[in-house]
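I am opening a notebook page on a structure that is new to me. I want to look up how its strands are arranged and then follow a single residue through its surroundings.

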Amino acid sequence: VAIAGGDEGAAMRSAPLYSSGKASCVLKPHARRLDQSSALFSDADEQLIVKIQFFVPVSVRKIMIVGSGSSSSHPSSVRCYVDRAAEDLDFSALEGVVPAQVSDLAVNAAGEGYFNTARTPFTNITALSLFFPTNHGGVDETKISYIGLQGD
C-alpha cells in the first residue's frame, strides 16, 4: 500500500516497499522540483495514494506534480480528496468516495505545469489525499519526484 505524507506541517504515515523511503522525499522546496535523486513509486501496480495531513488548516490553490524517470511512468491523472474523505481514504474505499477534484496531468518533466484547485473544497483543509490511478504508459509502476502545493 502506498500511503504516505510528510514534511513540515504534515504528519508522516508510511511508504511503499520500493519507493526511496517516505513521501517527504517528494514534498520538497520548489527550487528542488527537478531533483530526480529521490522519488515515490507505486508498489503493486500503477495506482498510488499520497496522504498529507496539516497541523493547522490551510487553503491549497495550486498543485504541481512532477513525475520521475521515463515519461511512461509519470502519472496521467489525479483525484484529490480533502478533509475527512482524505483521512479515511485507502485503496479498498476508493469506489465509494467522491473526489473534491479530478484533473488530467500532462507529462511535466520540466516542472512548469500546475493545476488550479476548485476554491471552496480546498479552503481551510486539514488533510489532502492524492490518488493517482494511472500513468502515461500503462506500465506497472508510477513514479513521482515532486509534489508542490501553493496556497494560504
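The entries below go from a sheet to one residue in a loop.

Entry 1, the model. I note at the outset that I am reading a predicted model.

Entry 2, the sheet. I looked up the strand order and found an open sheet of 4 strands, running β1-β8-β3-β6 with antiparallel pairing. The edges are formed by β1 (40-41) and β6 (115-116), each of which pairs on one side only.

Entry 3, the pairing of β3 with β8. I went through the bridges between β3, residues 60-67, and β8, residues 143-151, and found that 7 of them join these antiparallel strands. I wrote down that methionine 64 lies opposite glycine 148 of β8, and that valine 66 faces tyrosine 146 in β8.

Entry 4, the pairing of β1 with β8. Here I found 2 bridges between the two strands, which again run antiparallel; leucine 40 has isoleucine 144 of β8 as its bridge partner.

Entry 5, histidine 74. I then turned to the loop between β3 and β4 (77-82), where histidine 74 has its place. Is histidine 74 buried or exposed? I recorded a relative accessible area of 3%, and because buried means under 20%, histidine 74 counts as buried.

Entry 6, the surroundings of histidine 74. I found that its side chain reaches the backbone oxygen of glycine 69 at 3.2 Å. Setting aside neighbours within four places in sequence, I listed the contacts of histidine 74, among them Gly67, Ser68, Val107, Asn108, His136 and Lys143.

Definitions and conventions
Residues numbered from 1 in each chain as written. Predicted model: local features only at pLDDT ≥ 70, side-chain atom pairs only at ≥ 80, totals over all residues. Heavy atoms only, no water. Pairing = 2+ DSSP bridges. Buried < 20%, exposed > 50% of the residue type's maximum accessible area, 1.4 Å probe, protein only. Polar contact = N/O pair within 3.5 Å; in protein donor to acceptor, adjacent residues only side chain to side chain. Contact = heavy atoms within 4.5 Å.
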